Amino acid sequence: QVQLVESGGGLVQAGGSLRLSCAASGSIFRINAMGWYRLAPGKQRELVAQFPTGGSTNYADSVKGRFTISRDNAKNTVYLQMNSLKPEDTAVYYCNANIVRAYVYQNREYWGQGTQVTVSS
């Protein structure tokens, strides 16, 4: 089994910062891609930032220059540093990863449970 466990959400005033963490655990052979999506009320799910398979990082235009994705490969963990937060960043943030399981050697998508980020004006 593979699990993604997120942490770091919360309530912050506009202009503030938060750091999200997502740790993958279980029988992992390889992580192909890992990143963050968000879902706000009344909106579609949006890719926020990602380490894609074999490519450079991707960011949503709305967060470029404010958010930074980073990772610790030894810990199978990805981070999202969010600075200069705006009320429109309010959403549930989900960690997503494409992982090849050990012994099975098949890749599939995994999702975390989600962490709420609320930015007050």
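**A walk through the predicted model**

S21 is buried, because its relative accessible area of 18% falls under the 20% limit for a buried residue. The structure described here is a predicted model. S21 belongs to strand β3, and it offers a convenient place from which to begin. Leaving aside neighbours within four places in sequence, S21 is in contact with V5, E6 and S7, and also with W36, V78 and Y79.

Several of these contacts lead to the sheet around β3. Strands of a sheet pair through backbone hydrogen bonds, in either a parallel or an antiparallel manner. Here, four strands make up an open sheet, arranged in the order β1-β3-β8-β7, and their pairing is antiparallel. At the edges stand β1, residues 2–7, and β7, residues 67–72, each of which pairs on one side only. From one strand to the next, the twist averages 15°.

The individual pairings can now be followed. Strand β1 is joined to β3, residues 18–26, in the antiparallel sense over six bridges. Within this pairing, V5 stands opposite A23 of β3. Towards the other edge, β7 pairs with β8, residues 77–82, again in the antiparallel sense and over six bridges. There, R71 is placed opposite V78 in β8.

Which side chains of β1 are buried, and which are not? In a regular strand the side chains alternate between the two faces of the sheet. Along β1 this alternation can be traced residue by residue: V2, L4 and E6 point to one face and are buried. The side chains of Q3, V5 and S7 point to the other face and are not buried.

Strand β3 also takes part in a link of another kind. A disulfide is a covalent bond between the sulfur atoms of two cysteines. The structure holds one disulfide, formed by C22 and C95, whose sulfur atoms lie 2.0 Å apart. This bond links distant parts of the chain, since C22 is in strand β3 and C95 is in strand β9, residues 91–101, with their positions 73 residues apart in the numbering. The angle about the S-S bond is -80°, and the link is left-handed. Both cysteines, C22 and C95, are buried.

Aromatic rings provide further points of interest. There are two aromatic pairs. In one of them, the rings of F29 and Y105 have their centres 4.9 Å apart; their planes meet at 85°, so the pair is edge-to-face. F29 lies in strand β4, residues 28–39, whereas Y105 lies in the loop between β9 and β10, so that residues 76 places apart in the chain are brought together as a pair. F29 counts as partly exposed because its relative accessibility of 46% falls between the limits of 20% and 50%.

Arginine side chains also lie over aromatic rings. R19 is found over the face of Y79, at 4.1 Å from the ring centre. R45 is likewise over the face of Y37, at 5.5 Å from the ring centre.

R45 leads to a final residue, L39, which is found in strand β4. Is L39 buried, exposed or partly exposed? With a relative accessibility of 36%, L39 counts as partly exposed. Not counting residues up to four places away in sequence, L39 touches Q44, R45, A91, V92 and Y94. The C-alpha atoms of L39 and A24 are separated by 21 Å, and these two residues are 15 residues apart along the chain.

Methods
Residues are numbered from 1 along each chain as its sequence is written. This is a predicted model: local features need pLDDT of at least 70, side-chain atom pairs count only at pLDDT 80 or more; totals for chains, interfaces and linings use all residues. Side-chain values use heavy atoms; hydrogens and water are left out. Two strands pair if DSSP finds at least two bridges between them. Helices (H or I, at least four residues) and strands (E, at least two) are DSSP runs, numbered from the N terminus. Axes are lines fitted to C-alpha atoms, for helices over the stretch in contact, and angles run from 0 to 180 degrees between N-to-C directions. Buried means under 20% relative accessible area, exposed over 50%, partly exposed in between (1.4 Å probe, protein chains only). A disulfide is a pair of cysteine sulfur atoms within 2.5 Å. Contact means heavy atoms within 4.5 Å. Rings of Phe, Tyr and Trp (its six-membered ring) pair if their centres lie within 6.5 Å; planes under 30 degrees apart count as stacked, over 60 as edge-to-face and the rest as tilted. A charge sits over a ring if NZ of Lys or CZ of Arg is within 6 Å of the ring centre and within 35 degrees of the ring normal.
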